[in-house]
Amino acid sequence: MKTKLFYLIILLLSAHLIYSQSDEVRLNDIRILASHNSYKKLPNKRVLRFLSCFKKRLGQENDPIQLDYGHVSIEEQLEKYNIRGFELDIYYDPKGKLYRKRKINRFIVGQKTLIKNKAMNQPGFKVLHIPDIDFETNYLTFVEALNAINYWSEKNPLHSPIFINVEAKGSSAADESSFLRFIGFKRAIKFDSLAYLQLDAEIKSIFPVERIITPKILRSDFTSIGERLTEKGWPALNECLGKIIFILQGNHDEIYKQSIDRNDDRVMFVYAEPGEKNTAFIIRNSSKGIEKEIYELSKKYIVRSRTDAGTHQSRNNDYSDYQSVLKSNAQIISTDYYKADLRWSSFEIKLDGTTKTKPFLIRN
């Protein structure tokens, strides 16, 4: 008991030292490192070799070269690499069993097709990159991934805010290819109003609402989020310690955005464009050539951008996108390479000046 009390005192003192001068620092003043497709494991080598034979049929987005990356567990990302932003790709599975089979493995000797895990038989949202093609994951379900974040968060109750990008996937490779459908690959189920209600419910089943910064909380007494950001700005960083922020991304997120516009009590923000009445977060994956635009946007909004994509920067040891993102002042800096993949190069993205106790930078 004394040990736990001592540990809590140390936590409080550390937080006081770090944040005591941060009363004027607002949530959009910090820059954090985020991982892209944070759940993803490296694909099986046999699968990549097989896929390389069908590049033209799969399309550029499913080129095996671009799929050849993976991550350590979310817990390790938080603890060892100071990652404070995550991206989770989710697929709607209202009846269960839709994603328990890995169809491509039927054509590869020695590969298992069926996932023998009860969670895959249950209704809910499944976490993977591309059904039947790129499916290796540290977390099979959305709830499992959220539990990993929550477990770490509860052990570190005064942590700086964690941003979770939720990408609602409404299509799969089978939606784009009749050939893949012919050999049994599954279409994705599109998200509708019911799906989004269930998604909110899964989030609230893991995180108490008081630990989430929701659109309603940010809006406060103002008529819209835009009015709040114009008149008062973002909340102070001190007010956001231990909080989680969810941002929805997807082809059908207009449904969710409309409910926010109606002032419904939703859990997630939605990426939107500047000037819309409830825009808080903006996505500009490539900052090259628009650094000044992003710099201006970041004064009011929180902007997400990427330093690399499809393994290209790592294979070429190319830091030009990283330098562009730094110049742009975007707040959420997304990468696949907080840890170098030494198969290609020493390419590694870090935010110089961050530490385990202060895993963010203050914007210029």
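Two strands are said to pair if DSSP finds at least two bridges between them. With that in mind, this report looks at a predicted model, beginning with strand β2 and its partners.

Strand β2 covers residues 85-93, and because nine of its nine residues are buried, it is largely enclosed by the rest of the structure. The side chains leave the strand in two directions: G85, E87, D89, Y91 and D93 point one way, while F86, L88, I90 and Y92 point the other way, and all of them are buried.

On one hand, β2 pairs with strand β3 (residues 124-127) in the antiparallel sense, over four bridges, and in this pairing I90 stands opposite V127 of β3. On the other hand, seven bridges join β2 to strand β4 (residues 162-169), and these two strands run parallel; here the bridge partner of I90 is A168.

A further residue to consider is D200, which lies in helix α9 (residues 193-206). Leaving aside residues up to four places away in sequence, D200 touches Y256, R266, V267 and M268.

The table sets out the relative accessible area of three residues, D200 among them.

| Residue | Relative accessible area | Class |
|---|---|---|
| C53 | 60% | exposed |
| C240 | 1% | buried |
| D200 | 4% | buried |

Since buried means under 20% relative accessible area and exposed means over 50%, C53 counts as exposed because its value is 60%, whereas C240, at 1%, is buried.

How many disulfides does the model contain? A disulfide is a covalent bond between the sulfur atoms of two cysteines. With the cut-off for the sulfur atoms set at within 2.5 Å, the count comes to zero disulfides.

Notes
Residues numbered from 1 in each chain as written. Predicted model: local features only at pLDDT ≥ 70, side-chain atom pairs only at ≥ 80, totals over all residues. Heavy atoms only, no water. Buried < 20%, exposed > 50% of the residue type's maximum accessible area, 1.4 Å probe, protein only. Contact = heavy atoms within 4.5 Å.
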